[in-house]
Amino acid sequence: MASSLRRKLTISYVLIIVFSMVLVSLLASVFLEKQFTQYIIEHQEQENQQLVGLITQQYDSVNGWKSELVENIGINALQNGLIVKVRDNAGKIIWNARVYNNGMCQDIIVHMSQNMYNRYPNWQGEYKENSYPVMVDSKKVGTVEIGYYGPFYFTDTDIAFLNTLNKISALVGIISVLIAIVLSSIMAKRLSSPISRVIKTSRMIEKGNYSDRVDVKSNIKEINQLTETINTLAASLEKQENLRKRLTGDVAHELRTPIATLQSHMEAMIDGIWEADEERLKSCHEEIVRIGKLVGDLEKLTRLENERLVLDKTTFDISELIKGIALNFESQFKAKGVNLSFEEKRTEITGDRDKISQVIINLLSNSLKYTPEGGSVEVCVSREEDYVVIRFKDNGIGISSEDLPFIFERFYRADKSRSRMTGGSGIGLSIVKTIVEAHGGTIEARSKINEGSEFIVKLPA
Ligand code: ADP
């Protein structure tokens with residue numbers, strides 16, 4: 001069963017910490033104990049040597065052994081677990097711990113062996129005796145025999161020390177695990193909460209709530225990329241949705257006027273209020289043509305938007321293309337009395353020839369539409385770095401600064417009544433923009449009311 005990221009992360013962190021702590025404590029205790037044992041063995045030998053040295057000092061070269069002092073040292077050693085026997089050179093006993101207190105000697109050995117068995121159940125130890133010569137002025141004056149539980153033994157203090165050591169490492173382990181749980185839960189929360197937020201937002205988007213955004217900032221790069229992607233997705237869906245809503249509204253709005261006009265005209269003719277003469281039928285026909293054009297433009301735009309990525313690219317001379325289109329427009333320009341000038345200059349471009357033709361046709365027909373008699377339209381092509389720039393400049397009616405930012409939007413017409421008269425549907429520039437952007441280019445409009453307009457198309461060469 002899938003569990004939450006936070007839970008998974010916390011468990012993994014804790015497992016790692018527990019594992020490392022167990023490993024560290026195990027290694028520490030093994031090595032520490034080994035070191036400690038080594039220390040105990042060396043210390044034992046040192047202690048023996050010290051004891052022999054101390055006993056040696058109790059020999060007087062004139063009066064021989066001072067047995068009371070030897071006894072003091074022996075008793076003291078016995079209390080530390082060492083069973084001492086001192087003999088003179090002839091082998092005669094000076095002092096013997098077993099004679100002094102055999103019961104205590106036995107007790108000590110049993111106690112030490114118990115200490116060792118408690119710690120190491122398979123311990124194999126036994127009573128050992130080491131013999132050291134007592135040398136005074138390079139002459140042997142006696143022997144010290146030191147008996148102890150071997151090969152080494154832990155006193156009660158040693159055992160207490162080892163136990164404390166183990167307790168400390170267990171405590172460190174527990175504290176580390178607790179800290180790990182807290183830290184890992186904080187870390188996991190930091191990681192999982194933005195992801196949860198992304199999931200929540202995605203669900204909202206799924207339900208059609210496109211205005212929701214992920215607002216959490218993380219210090220993890222991938223999380224930030226994820227939230228950015230979701231936000232971009234939401235923004236683009238929101239834009240699409242708004243566009244779709246507006247388009248439906250706009251289409252209805254655009255169709256309502258001509259259909260209402262047609263309906264009232266027809267009804268008047270049917271009711272006999274109006275005579276169905278040529279002029280009235282012509283007017284009805286014009287409305288139908290307008291509706292047809294609008295539907296045709298819409299179809300074109302929809303098709304373009306659907307297939308915006310499918311460009312049938314070839315390399316061709318844009319100048320020659322413009323020249324051909326200008327030639328087709330020549331009679332219309334002449335009829336209106338508008339001068340069209342274009343200077344041909346061979347410029348290669350890679351793009352969809354048919355779609356770029358559409359751009360030129362729309363812009364040229366706009367220039368013609370919005371330039372009154374006696375005006376002039378100038379088209380020129382130039383190369384600027386990696387772009388081919390086509391400028392359409394006219395000295396026509398111009399566009400006001402309030403309208404300028406919206407002219408590329410669908411159905412937007414700067415002056416509704418006037419453009420209705422010119423037959424405009426407000427889609428031409430939307431088509432132009434869609435095509436230019438599909439090519440990776442840009443379009444810009446500069447205009448001043450009553451002075452003229454300039455449309456600058458930049459297409460990657
Ligand atoms: P239309 O079919 O109405 O011409 P467009 O999308 O081609 O639609 O243009 C949108 C609006 O931009 C037009 O209605 C017009 O007001 C304005 N416009 C476009 N080109 C020019 C121009 N060369 N001079 C003045 N206004 C223009």
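Start with the whole protein: a compact globule of 461 residues would have a radius of gyration near 23 Å, but this protein has 52 Å (taken over C-alpha atoms, with the globule rule being 2.2 Å times the number of residues to the power 0.38). The model is predicted, with local features needing pLDDT of at least 70 and side-chain atom pairs pLDDT 80 or more, while totals for chains, interfaces and linings use all residues. Residues are numbered from 1 along each chain as its sequence is written, and side-chain values use heavy atoms, without hydrogens or water.

Show the C-alpha trace along its principal axes: the box is roughly 160 × 55 × 35 Å. Switch to cartoon for ten helices and 13 strands (DSSP runs numbered from the N terminus, H or I of at least four residues for helices, E of at least two for strands). Colour by burial: 38% of the 461 residues are buried (under 20% relative accessible area, 1.4 Å probe, protein chains only).

Next, select the ligand and the 20 residues that surround it (a heavy atom within 4 Å). N366, Y370, D394, A414 and L429 are the closest. By class, the shell has eight nonpolar, nine polar and three charged residues. Helix 8 (353-369), helix 10 (428-438) and strand 13 (452-460) each give at least two of them; helix 8 has the largest share, three.

Now pick out the ligand's oxygen atoms. A side-chain N or O atom of N366 is 2.8 Å from one ligand oxygen. For K369, a polar side-chain atom lies 3.1 Å from a ligand oxygen. At L429, select the backbone: an N or O atom there is 2.8 Å from an oxygen of the ligand.

Technical notes: Polar contact = N/O pair within 3.5 Å; in protein donor to acceptor, adjacent residues only side chain to side chain. Nonpolar A, V, L, I, M, F, W, Y, C, P; charged D, E, K, R; others polar. Buried < 20%, exposed > 50% of the residue type's maximum accessible area, 1.4 Å probe, protein only.
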